[in-house]
Amino acid sequence: MQVGIPRETLPGETRVAATPETVKKLVQAGHQVRVERGAGTAARYPDADYEKAGAELADAQAALGGELVLKVRRPDASELGRMKPGAVLLGMLDPFDPEGLRALAGAGLTAFALEAAPRTTRAQSLDVLSSQANLAGYKAVLLATQYYGRIFPMMMTAAGTLKAARVVVLGAGVAGLQAIATARRLGAVVEASDVRPAAREQVESLGGKFIDVPYETDEEREIAEGVGGYARPMPAAWMARQAALVAERCKQADIVITTALIPGRPAPTLIQPDTVAAMKPGSVIVDLAVERGGNCPLSVPGEVVERDGVTLVGLANLPALLATDASALYARNVLDFLKLVIDAEGRFAPPADDDIVNACLVCKDGQVLRSA
C-alpha cells in the first residue's frame with residue numbers, strides 16, 4: 001500500500017504517527033511510505049532518519065494522498081480536502097464527536113479511531129490511550145515539581161529537617177498510577193482516590209495510601225466496578241461523600257494531580273473553588289482532565305494560573321511535551337493495529353469478525369458507523 005505520514009497541524013501537537021523504526025518495518029513489509037518533510041522534526045526524528053529507513057520524503061499533498069494515512073490527531077478541513085475518497089485513515093479521531101465523524105464520512109474515508117479499542121488483554125499492545133496516559137502521568141509529576149517551591153523528599157541537613165511533600169492523586173487509572181509511582185520515586189508521601197474498589201490494591205502496591213470512600217449500597221458497588229476497564233458515573237450520594245473526603249485531603253496536600261475522565265463525558269468536578277481557597281499557599285494542582293472541562297473549575301486550558309495562592313497547571317496534551325517517547329510508543333501501537341487489518345500480501349483486508357477492528361471502525365463508505 002501507499003502509506004502517508006503527514007506532519008501534524010494542530011497547534012501544540014509535536015508527536016508524529018510513525019518513527020524511523022516503524023517506517024523501516026513498513027518498508028520491509030513491501031509498502032511504499034511517504035513522509036512529509038519535517039513531520040518528525042518536533043519529536044526529534046529528522047528527515048534523514050526516515051530516508052535511511054526507506055521512506056520517500058514528500059510534501060503534504062503526497063503524504064495525505066496515500067491509500068493509508070497515519071495520523072496522531074484527526075485531520076482538519078484543509079487536510080480532509082487533500083485526502084482521496086476510499087483512503088484508510090488511522091489516528092486518535094475522537095470517536096465521541098459526532099460532527100467530526102460526519103466530516104470523516106463525508107470525505108469518503110474508511111477511518112479507525114484507535115482510542116476506541118476495547119480494554120482487553122489482546123488489545124494491550126495497541127492501546128493508545130494507555131501508552132499516552134502513562135507518559136502524561138509521569139509528566140504531571142514533573143510539572144508539579146517545577147511549580148512547587150519546595151522539594152519532594154524528606155531531607156535531613158545540619159540546618160534542619162525538610163518534610164516530604166504530600167501528594168494526592170485523584171483517579172487511579174493508567175495516568176494516575178504512573179503519577180503515584182513517579183511521586184513515590186521522588187520521595188513524596190502519596191494518597192490516591194478512585195471510584196473502583198480494585199484500584200486499592202494497585203495504589204498500595206506502588207506505595208500509596210488509598211483514600212477509601214465506603215459504599216453504602218450494592219448499587220454503588222456494582223457501578224464502581226466499571227465496564228471494560230473504564231469507570232462509570234457514580235450516584236450523587238457517593239459523589240457527595242467522596243467530595244467531602246477528598247476536600248479534606250486536598251486541604252492537607254502540597255500537590256494534587258487530577259486524572260479523572262470517563263470517555264465521551266465532561267470531566268467530573270472533583271475540586272471545588274472553596275477547596276482551592278482552603279489549600280495551603282504554594283500548593284499546586286495539575287489538572288490532566290483540562291481538555292474535557294477539568295476536574296477543577298478554576299483550571300484554565302493551556303495556561304498556568306494562580307488562585308488564592310494555589311498554582312493550577314492546566315497545560316493540555318502532556319504527552320506532546322515528551323514527543324520523542326510518546327511518538328515511539330504511539331507508532332508501535334499503530335503498527336500493531338495494522339497487523340489486524342493488512343493481510344500477508346500487504347493488502348488492506350480487515351476481518352469482519354474482529355472485535356478490536358470493529359470497535360475502532362468509525363466510518364466507511366460515507367456512513368458513520370458509531371453512535372457517540
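In this predicted model, the side chains of Arg122 and Asp355 meet in a salt bridge, with 2.9 Å from N to O. Arg122 lies in the loop between strand 6 (110–113) and helix 6 (128–147), while Asp355 belongs to helix 13 (residues 355–360), so the pair ties together parts that are 233 residues apart in sequence. Arg122 counts as partly exposed at 44% relative accessibility, and Asp355 likewise counts as partly exposed, with a relative accessibility of 44%. The points below take up further salt bridges, then helix 10, and then the aromatic rings.

**Salt bridges**

- The count of salt bridges in the structure comes to 24, and the general background is that side chains of opposite charge can pair when their charged atoms come close.
- Another of these contacts joins the side chains of Arg332 and Glu21, which meet in a salt bridge at 3.2 Å from N to O. Because Arg332 lies in helix 12 (residues 323–341) and Glu21 in helix 1 (residues 20–28), this pair ties together parts that are 311 residues apart in sequence.
- Arg332 is partly exposed, with a relative accessible area of 38%, and Glu21 also counts as partly exposed, at 33% relative accessibility.
- Salt bridges also link Glu13, Arg15, Arg73 and Glu291 in a network.

**Helix 10**

- Helix 10 (residues 236–252) is made of 17 residues, and from its first C-alpha to its last it reaches 25 Å, which is close to the 24 Å expected at 1.5 Å a residue.
- The buried residues of this helix are Trp238, Gln242, Val246, Ala247 and Cys250. They cover an arc of only 165 degrees around the axis, and therefore lie on the same side of helix 10.
- Within helix 10, the side chains of Lys251 and Glu248 meet in a salt bridge, at 3.4 Å from N to O. Lys251 and Glu248 are three residues apart in the helix, about one turn.
- In general, an α-helix has 3.6 residues a turn, so residues three or four places apart point the same way.
- Both partners of this salt bridge fall into the intermediate class of accessibility: Lys251 is partly exposed, with a relative accessible area of 31%, and Glu248 counts as partly exposed at 39% relative accessibility.

**Aromatic rings**

- The structure holds three aromatic pairs. One of them is formed by Phe112 and Phe348, an edge-to-face pair with 6.2 Å from centre to centre and 70 degrees between the planes.
- Phe112 lies in strand 6 and Phe348 in the loop between helix 12 and helix 13, so this aromatic pair ties together parts that are 236 residues apart in sequence.
- The two rings differ in their exposure, since Phe112 is buried, with a relative accessible area of 1%, whereas Phe348 is partly exposed, with a relative accessible area of 29%.
- The rings of Tyr148 and Phe152 have their centres 6.2 Å apart and their planes at 75 degrees, and because planes over 60 degrees apart count as edge-to-face, this pair is edge-to-face. Tyr148 and Phe152 are both buried.
- Phe112 and Phe348 also belong, together with Phe337, to one aromatic cluster.

**A charge over a ring**

- The charged end of Arg370 sits over the ring of Phe96, at 4.9 Å from the centre of that ring.

Key. Residues numbered from 1 in each chain as written. Predicted model: local features only at pLDDT ≥ 70, side-chain atom pairs only at ≥ 80, totals over all residues. Heavy atoms only, no water. Helix = DSSP H or I, 4+ residues; strand = E, 2+ residues; numbered from the N terminus. Expected span 1.5 Å × (residues − 1). Buried < 20%, exposed > 50% of the residue type's maximum accessible area, 1.4 Å probe, protein only. Arc of directions from axis to C-beta. Salt bridge = Lys/Arg side-chain N within 4 Å of Asp/Glu carboxyl O. Phe/Tyr/Trp six-rings, centres within 6.5 Å; stacked < 30°, edge-to-face > 60°. Lys NZ or Arg CZ within 6 Å of the ring centre and 35° of its normal.
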